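Please open the structure in the viewer and keep the sequence panel visible beside it. The tour proceeds by selections, each followed by a short account of what is found there.

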Amino acid sequence: MHYYSLIMNSLIFEQKRKVSSAFIDSKVQLGIHQAVLMVQDNLTECFDMMKCDGVRFREFNAFWVFTKSSLRFLNFPKWKDEIYAKTFPVSCTGFRTNVNTVLSDTDENPLVIANQEACVLSMESHRPVKLSTLPYPSENFPEAAFKEPFERFDINDNDYKPEYEYTIRSQNIDMSHHMNNIEYIKLAMNIFSDEYIQVHNAKSLEVHYLNESKEGQTLSVFSKQTENSTFVKIKEGARDIFEMKISF
C-alpha cells in the first residue's frame, strides 16, 4: 500500500518538502531528531490549516501539549531529496487526539510513518481541556496509517545507568517557555557516539513527554541497553521528565 495514496480528505495537510541541510545528520541523510522535527513541523502546518494551532488557542487561554510520539523508519532520504509530507488527525476522544504523518518519496513509497498524541491544557490551571470545547475536528477522520499502540516502558529506575547532566539554557526554550520537545531527543541521542550512528540506522523510535522543564534546571540523562533496544530516561531531580525507546 502506498500510504501517500490516501483518500483525499479536508483534514489532510500535504506538501512537498526538501531534505535540506537543517534536517540531515553526519551521514548526510535525514537524522533521528531531525525526522521528529520535520514531523512536528508538518503537524504545526496541518493545525494551522485546520485553524487550531497553538497561537490561535491562546485566544482560548489554552495551549497544546504533545505527550507521545512514535516513528517507524522504513528508509532514510538523503540530502536534497524531495519528499512528500502528509499529516492528518485520526482520532479525538475527550481530552486527547492522535495525529499521523507519512513521509514518502516522490514515487509515493513510505519512508517514515509517525503517530503523535496530544492534548490541550488551560494556561491558568494547567488542567486538560476537552477538545469538544475548542475548534478541533470531531469526525470524518482519515484512516490511520500508523496502527501500533504506544508502548509502556517497564524499566525500573535502578536499572538505568547515569550518562551525563545538562543545564537548560535559553536556546532550548520554545514558545510555551518550556524545554522544546526536540531538545529532549537531542539529549537522549547524545548517549550514542558519532561512530555508532555512522554504522546504524534506526528502525523505530518512541518518546514520552512526562513533565515540563524550564530554563536553569539541570537534567540528568540515564540509559538502559537491552538485547534489541536502548531506553533513555531524563530526570530533573526526582521528577521523570522524558523517556525514549530506540531500536536499531
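Which residues of E8 lie on one side and which on the other, and are they buried or exposed? Ser204, Glu206 and His208 are on one side, Leu205, Val207 and Tyr209 are on the other, and all are buried. Buried here means under 20% relative accessible area, exposed means over 50%, and partly exposed lies in between, with a 1.4 Å probe and protein chains only. Helices (H or I, at least four residues) and strands (E, at least two) are DSSP runs, numbered from the N terminus.

The model is a predicted one, in which local features need pLDDT of at least 70 and side-chain atom pairs count only at pLDDT 80 or more, while totals for chains, interfaces and linings use all residues. Residues are numbered from 1 along each chain as its sequence is written, and side-chain values use heavy atoms, with hydrogens and water left out.

**First selection: strand E8 and its partners**

Select residues 204–209, which make up strand E8. Six of the six residues are buried, so the strand is largely enclosed by the rest of the structure. Next, add residues 62–73, which form strand E2. E2 and E8 pair in the antiparallel sense over five bridges; two strands count as paired if DSSP finds at least two bridges between them. Then add residues 239–247, strand E11, which runs antiparallel to E8 and is joined to it by six bridges. Val207 of E8 is a useful residue to centre on: Ser69 stands opposite Val207, and in E11 the bridge partner of Val207 is Met244.

**Second selection: the aromatic rings**

The whole structure holds 15 aromatic pairs. Rings of Phe, Tyr and Trp (its six-membered ring) pair if their centres lie within 6.5 Å; planes under 30 degrees apart count as stacked, over 60 as edge-to-face and the rest as tilted. Select Phe47 and Trp64, a tilted pair with 4.8 Å centre to centre and 40 degrees between the planes. This pair links distant parts of the chain, since Phe47 belongs to helix H1 (residues 32–49) and Trp64 to strand E2, 17 residues apart. Phe47 is buried, at 2% relative accessible area, and Trp64 is buried as well, at 11%.

Now add Phe57, which forms a stacked pair with Trp64: 5.4 Å centre to centre and 15 degrees between the planes. Both Phe57 and Trp64 are buried. To complete the view, select Phe47, Phe57, Phe60, Trp64, Phe66 and Tyr136 together; they form one aromatic cluster.

**Third selection: the charged side chains**

Side chains of opposite charge can pair when their charged atoms come close. How many salt bridges does a search of the whole structure find? The search finds 15, a salt bridge being a side-chain nitrogen of Lys or Arg within 4 Å of a carboxyl oxygen of Asp or Glu.

Select Asp48 and Arg56, whose closest N and O atoms are 2.9 Å apart in a salt bridge. Asp48 is partly exposed at 41% relative accessible area, and Arg56 is partly exposed at 29%. Move to Glu143 and Lys147, joined by a salt bridge of 2.9 Å, N to O. Here Glu143 is exposed at 55%, and Lys147 is exposed at 54%.

Finally, select Glu236 and Arg239, which meet in a salt bridge of 3.1 Å, N to O. Arg239 is partly exposed, at 32% relative accessibility. Then select Asp157, Lys233, Lys235 and Asp240, which are joined into one network by salt bridges that share partners.
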